[in-house]
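Please examine the chain shown below together with its sequence. The paragraphs that follow consider confidence, overall architecture, the interior and some individual residues in turn.

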Amino acid sequence: FPTRRSSDLVYDHDQSGYGSPRAIPCRTRQRGVAVKATAMLCDFAQLSSDGKLTVIGAGITRIATLVAEPPLVLNFALAALVEVPWDQTNRPHRLHIELVFDGNEGGAQKIPLPNTNPADEGSFVAEFNAGRGPEMVPGESSLLPIALPFFGIALPAPGGYSFKLTVGNDELAHVPFQARIINQFGFRAA
């Protein structure tokens, strides 16, 4: 059941349990049961037409570029598997993803994500509702895979960044990484 489409990369499961998912890494409590997730940066992530997540080059914590001056233009993807418990299916959840630069002395700085709705202030925002397929047994969880490519994203400076994932007012997860400049010989310049 579609709720709101904040990006063409986000979809809902239909009642059959098939179809493309729309969610992202999160952990939230509603009625005492947690929505859980695993998230990571990778070289490439993609969802197949039957909802499977393909991830290549997973577990990135440092990203480098040969560009000597900021902005740093980088290519990577954010991949996640969200587990929605049986009692959290067939109900709406709201997810926010934002990118934060931790490397300046003035505190954390939010970096606007490309191709987001202007009303969402540079964050990726999605509402999702994982359905219960007729083949599911009581107590079975639904898995919702996520693939968000960030190819050609411009970061303002070298340093520490993290994707922050929230549902409601709760920060559920963050995926930290370092962005660096290297010279042609592979030595870190900044």
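Over which residues does pLDDT stay under 50? In this predicted model, the stretch is residues 1–32. The model has 110 contacts beyond four places in sequence for these residues. Where pLDDT is low, however, the predicted coordinates should not be read in detail. For the chain, the mean pLDDT is 77, and 76% of the residues reach 70 or more. Among the elements, strand 3 (residues 53–58) has the highest mean pLDDT, at 96, whereas strand 1 (residues 28–30) has the lowest, at 43.

The overall architecture may be considered next. The chain contains eleven strands and zero helices, and its pattern along the sequence reads β-β-β-β-β-β-β-β-β-β-β. Of the contacts between residues at least 6 apart in sequence, 68% join residues at least 24 apart. The chain has 190 residues, of which 41% count as buried. Its accessible surface amounts to about 9,800 Å², and carbon and sulfur atoms account for 52% of that area.

Attention may now turn to the interior. The largest nonpolar core has 34 residues, and those that touch the most other members are Leu 41, Phe 76, Ile 97, Leu 99, Leu 155, Phe 163 and Phe 177. At least two residues of this core come from each of strand 2 (33–47), strand 5 (72–84), strand 6 (93–101), strand 8 (124–128), strand 9 (142–155), strand 10 (159–167) and strand 11 (170–181). Strand 5 gives the most, with seven residues.

Phe 163 serves as a point from which to view this core. Leaving aside its neighbours within four places in sequence, Phe 163 is in contact with Leu 41, Phe 76, Leu 78, Ile 97, Glu 98, Leu 99, Leu 113, Phe 150, Ala 173, His 174, Val 175 and Phe 177. A second core, separate from the largest one, consists of five residues, among them Cys 42, Ala 45, Ala 77 and Ala 79.

Gln 109 offers a further view of the fold. This residue is in strand 7 (residues 109–111). Its relative accessible area is 33%, so Gln 109 is partly exposed. Although Gln 109 and Tyr 161 are 52 residues apart along the chain, their C-alpha atoms are separated by 9.3 Å.

Several features of the backbone also merit inspection. Pro 70 and Pro 71 are joined by a cis peptide bond, with omega about 5°. Pro 71 is found in the loop between strand 4 (62–65) and strand 5.

Which residue other than glycine has a positive phi near 60°? Asn 90 has this value, and its place is in the loop between strand 5 and strand 6. Asn 90 counts as partly exposed because its relative accessibility is 41%. Glu 121 is likewise not a glycine, and its phi is positive at about 55°. Glu 121 lies in the loop between strand 7 and strand 8. With a relative accessibility of 62%, Glu 121 therefore counts as exposed.

Methods: Residues numbered from 1 in each chain as written. Predicted model: local features only at pLDDT ≥ 70, side-chain atom pairs only at ≥ 80, totals over all residues. Heavy atoms only, no water. Core = buried A, V, L, I, M, F, W, Y, C linked by side-chain atoms within 4.5 Å. Buried < 20%, exposed > 50% of the residue type's maximum accessible area, 1.4 Å probe, protein only. Helix = DSSP H or I, 4+ residues; strand = E, 2+ residues; numbered from the N terminus. Contact = heavy atoms within 4.5 Å. Areas by Shrake-Rupley, 256 points an atom, 1.4 Å probe, with all protein chains shown as cover. pLDDT = per-residue confidence, 0-100.
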